[in-house]
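User: I should like to go through the chain contact in this structure and learn on what grounds each term is applied.

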Amino acid sequence: MSLLHLAIIAPLLWAILVPLFYKSFRQIHTGWFVLPLPIILFIYFFSFISTTRHQAIVMETLNWIPSMGINFTAKVDGLGLLFALLITGIGALVILYSIYYLSKTKEKLNTFYTYLLLFMGAMLGVVLSDNLIVMYAFWELTSFSSFLLIGYWYHREKSRYGAQKSMIITVFGGLAMLGGIVLLHLMTGSFSITEIISQSQDIVSHSLFIPALLCVLLGAFTKSAQFPFHIWLPDAMEAPTPVSAYLHSATMVKAGIYLVARLTPVFAVDGLWVWLVAGFGIVTLFWGSFSAVKQTDLKSILAFSTVSQLGLIMSLLGVGAAALHFPGVKDNLYIVATTAAVFHLINHATFKGSLFMVAGIVDHETGTRDIRKLGGLMHFMPITFTIAIIGTFSMAGLPPFNGFLSKEMFFTGMLHVLELDLFNIQSVAILFPIIAWIASVFTFIYSMMLVFKTFTGKHQPEKLDKKPHEAPIGMLISPTILASLVIIIFFFPNSLLSENIISPALAAIFPSLLNTGTEFVTHIGIWHGPTPELFMTLGVIALGILLYLTFPKWRKVYKLFPDKLALNRLYDGIIDRSQSGSYRLTTSYMTGSIRSYLVYIFTFFIIILATSLVVKDAFKLDTVHVSSIGIYELLLALFVVIGAISTVFAKTRLASILLLGAVGYTVSLFYVLFRAPDLALTQLVIETVSVALFLVCFYHLPKLRKEDSRVRFKLTNALISVGVGVMVTLIALSAHSNKFFKSISQYYIENTYTEAAGKNMVNVILVDFRGFDTLFEITVLAIASLGIYGMIRLRLTRRDEE
Amino acid sequence: MLDIVIRIALFCLALAMVALIYRVIKGPSMPDRIIALDAIGINLVAIIALISIELRTNAFLEIILLIGILAFIGTVAFAKYLEKEVLFERERDH
């Protein structure tokens, strides 16, 4: 195990210690013990930058199940490192924030930090695993720990609902992804991403390629809350705010983005990938920003905003994947889209993290997150207001914040779609920039609402539970750091990010485009001159301000989308329907009546045997082995038939019992006739005993509702019983006609006396040749008698107690 | 010669069995059936004895004895059941 592996699983190991810290040091907030770990990990991962800058990749392998090709291979390249830095960096800030956010007396901090560390370790595992199965294992651990964190306040019904919903949707996608992984393994024979990428040109024509692509995309879309799987994210806002800031803006929801970026070299060879990723991304972008405008809860706005921004990144990744179809790095139009995606990924993590923390502060200091109750907080919390301004303006894409740069590049990328003459999408290509532009207008509107409805306007103290005041300084540290990053990145995008982080990440996304010696030159310029993008941004601002000011007038537009048609209704409907449907299905055949179960069993018995007889053409009637029929056998058979039939049609139970006895005695006569004296002896005794037992049972029938009626006739029962009889007869005839080899009885005949010193062959077989069977039949009888004794005794004692 | 005699005897016994089974099925009262069953048992003794002769074996003599015992026990049990409606009486309370 290398240091890298240790770093990945360090949060998991640390999670074991958290409850110990919590129990031993109650006076100190447990978060302080957790905080050093992400900081150390951040510094450790930071030291990799110098390696990845020069396109070097660090690979460490720890054997797990080598025989199946499943090894814990940790791989640090540009993309993985970018995510690892995000996870540990924002993780440290979120933990710092949570120390002031969560009360050490009221909350169960041990579970909180255990879950959070589990999540952090899982997330590091996802982004740094080269083995797909290991990645999948960590992937499910993120779903699982996210489930625990959303349901942290488990006494609230909405938390449980949100946790369950996110679990169902993300695990559904995760399982689909596992299917995709298995399909990839079937095509390439490897679980290693590096190995699969190297075979991508060969597998594109494979028949399993498209199913694998769809399965993997399903996993990525559900995790990253893409339309229509975004519905779990707004409900996940029931989690504590640090969790929302960490999982549902910066890290977990980007696992799907990571997956798409990571597997772009595998799947982007096919146009369907570009199409689906870009298409779903742009729809998600629009729908998320459109839905965010009508929300009234701060965290709901942020949730839909996250959905929309994830859609933006996803669409950029989709468009950027087209770069693989053009050779070279220089003059490759679509690389800028991927650059924008990676850049915006970082930007979004910074401003969205700070905005969630702002929402948490507002909630913490006023007691509500409803923007209809809030207003005029600017004077009470100036620092929070400043941070909120920075975050929202960056989100809206205004200078001088980093969101402006990525939004410009986003427009550039979307405009390049117009020139894309691949995959026959020219006819709809014009939709991409238009939808992107409209979505940006909505983004602008909700960003403005977020900050101005909360912090400006009239203060409404009567609607608030608490008197608002500025947050404690410790709570402000993390959002301040993130907000400063927002500005710093705007002014120094190149020296800070593009060379160190973005170019290596691009090298990981497009390994095939790089020849030796070349590297991605990603220059992020603040001023491009009067380009179409600039005018688009100006248009966004102008229309955005106009629509923001007239929002009450066009609010009715949302009435066009009634709740009935909402996707949440669909989800609830599916859950309800599948519950009630499976309930109805189960109750329809699980009647609780043994009679109906016997009907199923015998029906299937008939169907299966009849089908196999027909399909395998197995029925055969061969009279070679048949011996001649004597008069005695005929007479006895007649007796048995008469006895059996009259048992069924007897008027009273007693008559049935007697007739059954008669059948049994006749069978013993058969034994006599077929020269089986031991069998005949036993049969006679047993028949007598069981007839006596039947009489005992008969006697004990309850007096009430005792019906001495004959068996009621039912056509199905008659058909099934006749069917079973016919089937057994046919099988017996076929089996008798298909004798493939001789019986082994000759051995017993020869050796009964010589080997076992006995003349009665049946008895010698029972106790000598095959004595084991006898031993356990004795056991069966012992168990039966003990069971009967127990049943009778236990009932008697209970009756005595009463 | 012996074989023919045995077959005639078996045929007669079989006819008797048919008649007895008819009585078991038809009834009309329970004692009728029980007596018919008892007679069936004794008939079985005869049939098995004749079959043993025909099969030239003495392996079935135990069965003859057993049927005698069982027919007796069974008839007694039925008789007791009909009279007292119980097979095994509880020990009397002291």
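Analyst: The following exchange sets values against the definitions behind them. This is a predicted model, in which local features need pLDDT of at least 70 and side-chain atom pairs count only at pLDDT 80 or more, while totals for chains, interfaces and linings use all residues. Residues are numbered from 1 along each chain as its sequence is written, chains are lettered from A and ligands numbered from 1 in the order in which they are written, and side-chain values use heavy atoms, with hydrogens and water left out.

User: How do you know which residues belong to the contact, and how many does each chain give?

Analyst: Contact means heavy atoms within 4.5 Å. By that rule chain A gives 28 residues and chain B gives 28 residues.

User: What area do chain A and chain B bury between them?

Analyst: Buried area is the accessible area (1.4 Å probe) that two parts lose on being put together, summed over both. For chain A and chain B this comes to about 2,700 Å², with 87% of it on carbon and sulfur atoms. On the side of chain A, the residues that lose the most area to chain B are Y632(A), F639(A) and L658(A), together 22% of what that side buries.

User: How many salt bridges and polar contacts are there between chain A and chain B?

Analyst: A salt bridge requires a side-chain nitrogen of Lys or Arg within 4 Å of a carboxyl oxygen of Asp or Glu; between chain A and chain B the count is 0. A polar contact is a pair of N or O atoms within 3.5 Å; within protein, one must be able to donate a hydrogen and the other to accept it, and residues adjacent in sequence count only if both atoms are side-chain atoms. Across this interface the rule finds 0 residue pairs in polar contact, both residues being required to have pLDDT 80 or more.

User: Which element gives the largest share of the side of chain A that touches chain B?

Analyst: Helices are DSSP runs (H or I, at least four residues), numbered from the N terminus. The largest share, 12 residues, comes from α30(A).

User: What makes a residue nonpolar here, and how many on that side of chain A are so classed?

Analyst: Ala, Val, Leu, Ile, Met, Phe, Trp, Tyr, Cys and Pro count as nonpolar, Asp, Glu, Lys and Arg as charged, and the others, Gly among them, as polar. The side of chain A that touches chain B has 25 nonpolar, 2 polar and 1 charged residues.

User: What confidence does the predictor give chain B and the complex?

Analyst: On the pLDDT scale (the predictor's confidence in each residue, from 0 to 100), chain B has a mean of 83, and 89% of its residues reach 70 or more. The complex has an ipTM of 0.74 and a pTM of 0.81.

Note on methods: Helices (H or I, at least four residues) and strands (E, at least two) are DSSP runs, numbered from the N terminus.
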